[in-house]
Amino acid sequence: DSEWPAQELRRAVRRVSDASGPQLAFDTIASRRAPPTVRIAALERILEDIRDDDDGQWGPQRLAEIHQPLALQLGSRKPALVAAACRVVTAIVVHYKTAFISFAPFFVDALFPLFRSKALDTSQAVDETMFAIIEYVPDSGDHAILRKLGAGTTHRASAVRKRCFDFLGIIFQRAASNSPPKTPSPVSSPSNKLTPKNHTKSAFLFP
């Protein structure tokens, strides 16, 4: 951000935020050239577009278009940017539910490096995204989510292995209790109550 004049930065944020459709936001997150502040504004614009999707514009084609750019932003070293990207993924999961399954392994894989993060904002956002995937995406058929997390238990990073075991434990616990899916909650802002050591008390998915 510091490389951009303040006035130009504000104009870029305003252009993305006020755009009539999400395409400019898509283009903005398709690379890391734009300053983090502008990319966060783009992600917030996309989040707004998902929330307001009453006419089915967010079909499979749009998810196919955006999944790689979202993964790119998940790989950022900026906690605020990663948290914003996680919020968009969480909203997409709640929006698509069953239709998200073909993209679930891709996004779980993209989240693996973030399992090691010690930044609280990042850790909370990643937890909420993973809980949304567990909660709203039926992992039937070839059990793609289960297999991806199972593969993560042999990851070279101990923090990743631990988190994969944690999430697998939640999946097995929910399967044993045969818990019905919950009604989708608003996803406009992250929960501030979730911590890595308090998974099952997420105010977002497990009230």
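## His143 and Lys97

His143 comes out as partly exposed, with a relative accessible area of 39%. Keep in mind that this is a predicted model. His143 sits in the loop between α7 and α8, and its phi is near 55°, a positive value in a residue other than glycine.

Lys97 is another one to look at on a backbone plot: it has a positive phi of about 55° although it is not a glycine. Lys97 belongs to the loop between α5 (79-96) and α6. With a relative accessible area of 31%, Lys97 is partly exposed.

## Helix α8 and its buried face

Move on from His143 and you get to helix α8, which covers residues 144-152. Its buried residues are Ala144, Ile145, Leu149 and Gly152. Looking down the axis of α8, you'd find these buried residues within an arc of 130°, so they line one face of the helix.

What do the buried residues of α8 pack against? Three helices: α6 (104-111), α7 (120-136) and α9 (158-177).

## Leu149 and the nonpolar core

Leu149 deserves a closer look. Skipping its neighbours within four places in sequence, Leu149 is in contact with Val108, Phe112, Met130, Cys164, Phe167, Leu168 and Ile171.

Leu149 also turns up in the largest nonpolar core, a set of 61 residues. Along with Ile92 and Phe100, Leu149 is among those with the most contacts inside that core. Which helix gives the largest share of this core? That's α5, with 13 residues. As a general point, nonpolar side chains tend to be buried together in soluble globular proteins.

## Cysteines

How many disulfides does the structure hold? Zero. For background, a disulfide is a covalent bond between the sulfur atoms of two cysteines.

Two cysteines are worth checking for burial. Cys86 has a relative accessible area of 1%, so it is buried. Cys164, one of the contacts of Leu149, counts as buried too, at 0% relative accessibility.

## Asp121 and Val82

Asp121 lies in helix α7. Is Asp121 buried or partly exposed? Its relative accessibility is 48%, so Asp121 counts as partly exposed; the cut-off for exposed is over 50%.

If you're after sequence-distant pairs, try Asp121 and Val82: they are 39 residues apart in sequence, while their C-alpha atoms are 8.6 Å apart in space.

Notes. Residues numbered from 1 in each chain as written. Predicted model: local features only at pLDDT ≥ 70, side-chain atom pairs only at ≥ 80, totals over all residues. Heavy atoms only, no water. Buried < 20%, exposed > 50% of the residue type's maximum accessible area, 1.4 Å probe, protein only. Helix = DSSP H or I, 4+ residues; strand = E, 2+ residues; numbered from the N terminus. Arc of directions from axis to C-beta. Contact = heavy atoms within 4.5 Å. Disulfide = S-S within 2.5 Å. Core = buried A, V, L, I, M, F, W, Y, C linked by side-chain atoms within 4.5 Å.
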